[in-house]
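Dear colleague,

I am passing on the structure below, and after it you will find notes on what turned up. Please read them with the coordinates open beside you.

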Amino acid sequence: MNRQELIQQIFAKQSFLCVGLDTDFKKLPQHLLALQDPLFEFNRQIIDATAPYCIAYKPNLAFYEAHGLYGMKAFEETIGYLKEHYPNHLIIADAKRGDIGNTSKMYARTFFEEYDIDALTVAPYMGEDSVTPFLDYKNRWVVLLALTSNKGSLDFQLMQDANGERLFEKVIRTSQQWSTPENMMYVVGATRGELFKDIRRLAPDHFLLVPGVGAQGGSLEEVCRYGMNNDCGLLVNSSRGIIYASSDEHFAEIAAEKACELQQAMATELSKLDR
């Protein structure tokens with residue numbers, strides 16, 4: 001999916017919601033455990049229920065890799081189901097890959113060729129040659145970690161150099177020499193509030209993947225106030241707040257209600273744009 005197609009989907013559906021498929025076997029509704037493939041069945045029902053309200057899905061690889069071949073089979077089935085039934089939804093693999101060039105090339109081949117996924121989260125710590133192999137694929141996205149919402153991000157990401165430039169700012173400024181807003185996004189945690197102003201000063205046109213709204217306490221209104229641009233420029237992710245909103249037999253119905261609430265709030269924010 002290219003940038004223009006993504007923008008069209010956002011305004012057509014009046015949504016910039018990404019549903020995170022952080023599918024934890026220990027949190028599955030009990031009635032699913034008797035099924036042959038409960039991980040995939042949970043994802044399938046969540047996807048069918050929330051697809052009208054979102055424009056992207058983000059399976060987190062750790063939740064599938066933790067179960068070995070069984071988990072990766074569920075991941076593959078989930079990707080296949082999305083591509084067959086919801087081909088207009090962006091698929092982001094949240095894998096946070098990044099290594100020396102020849103290894104990154106294999107990671108890129110895995111996700112962009114083998115799994116045929118639209119976007120991949122990538123860690124920038126090892127620099128340009130660890131990121132550029134992911135940028136060789138047309139109409140695929142690199143989602144670069146910039147300013148994350150976890151407590152430990154304070155250990156490094158806000159460190160300043162002798163000129164007062166913070167590390168996350170250096171990541172954004174330097175990485176723009178490698179690519180363009182056509183195929184690079186940045187991860188910016190929703191709990192960072194007014195720091196979105198600093199992000200937009202450096203990257204006014206890039207899409208931002210924003211985790212942390214909902215269960216982690218981030219404010220959608222604040223993210224939009226400081227982070228939205230005229231193309232929207234945001235993909236706001238919600239995982240636990242949607243997929244684990246209920247653990248009974250009506251879990252998918254409740255997930256749909258939570259996704260709908262977010263979509264309606266997003267439609268209100270989009271209506272404020274001058275387009």
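**Strand pairing around β4**

In this predicted model, β4 pairs with strand β5 (residues 141-147) in the parallel sense, over 4 bridges. Within that pairing, Ala 119 has Trp 141 as its bridge partner in β5. β4 also pairs with β3, again in the parallel sense, here over 3 bridges, and Val 122 of β4 is the bridge partner of Arg 97. Between β3 and β4 the chain passes through α5, and the resulting β-α-β crossover is right-handed.

Strand β4 itself, which spans residues 119-122, is covered on both faces: Ala 119 and Thr 121 lie on one side, Leu 120 and Val 122 lie on the other, and all of these residues are buried.

**A nonpolar surface patch**

On the surface, Ile 100, Tyr 125 and Met 126 form a nonpolar patch, whose accessible area together is about 390 Å². One of its members, Ile 100, sits in the loop between β3 (90-97) and α5 (101-114), and this residue counts as partly exposed because its relative accessibility is 44%.

**A salt-bridge network**

Side chains of opposite charge can pair when their charged atoms come close, and the count for this model comes to 19 salt bridges. Among them is the contact between the side chains of Lys 170 and Asp 161, with a distance of 3.3 Å from N to O. Lys 170 also forms a salt bridge with Glu 165, where the closest N and O atoms are 3.1 Å apart. Glu 165 is in turn bridged to Arg 173, with the closest N and O atoms 2.7 Å apart. Through these shared partners, Asp 161, Glu 165, Lys 170 and Arg 173 are joined into one network of salt bridges.

How buried or exposed are the residues of this network, Asp 161, Glu 165, Lys 170 and Arg 173? Glu 165 has a relative accessibility of 16% and therefore counts as buried, since the cut-off for that class is under 20%. Asp 161, by contrast, is partly exposed, with a relative accessible area of 27%; Lys 170 is likewise partly exposed, at 30% relative accessibility, and so is Arg 173, at 37%.

With kind regards

How values were computed: Residues are numbered from 1 along each chain as its sequence is written. This is a predicted model: local features need pLDDT of at least 70, side-chain atom pairs count only at pLDDT 80 or more; totals for chains, interfaces and linings use all residues. Side-chain values use heavy atoms; hydrogens and water are left out. A salt bridge is a side-chain nitrogen of Lys or Arg within 4 Å of a carboxyl oxygen of Asp or Glu. Buried means under 20% relative accessible area, exposed over 50%, partly exposed in between (1.4 Å probe, protein chains only). Patches are made of residues with over 30% relative accessible area and no salt bridge: like charges are joined within 9 Å, nonpolar side chains (Val, Leu, Ile, Met, Phe, Trp, Tyr) within 5 Å. Accessible areas come from the Shrake-Rupley method with a 1.4 Å probe; for residues, only the protein chains shown count as cover. Helices (H or I, at least four residues) and strands (E, at least two) are DSSP runs, numbered from the N terminus. Two strands pair if DSSP finds at least two bridges between them. A crossover is right-handed if, with the strands pointing away from the viewer, the path from the first strand over the helix to the second runs clockwise.
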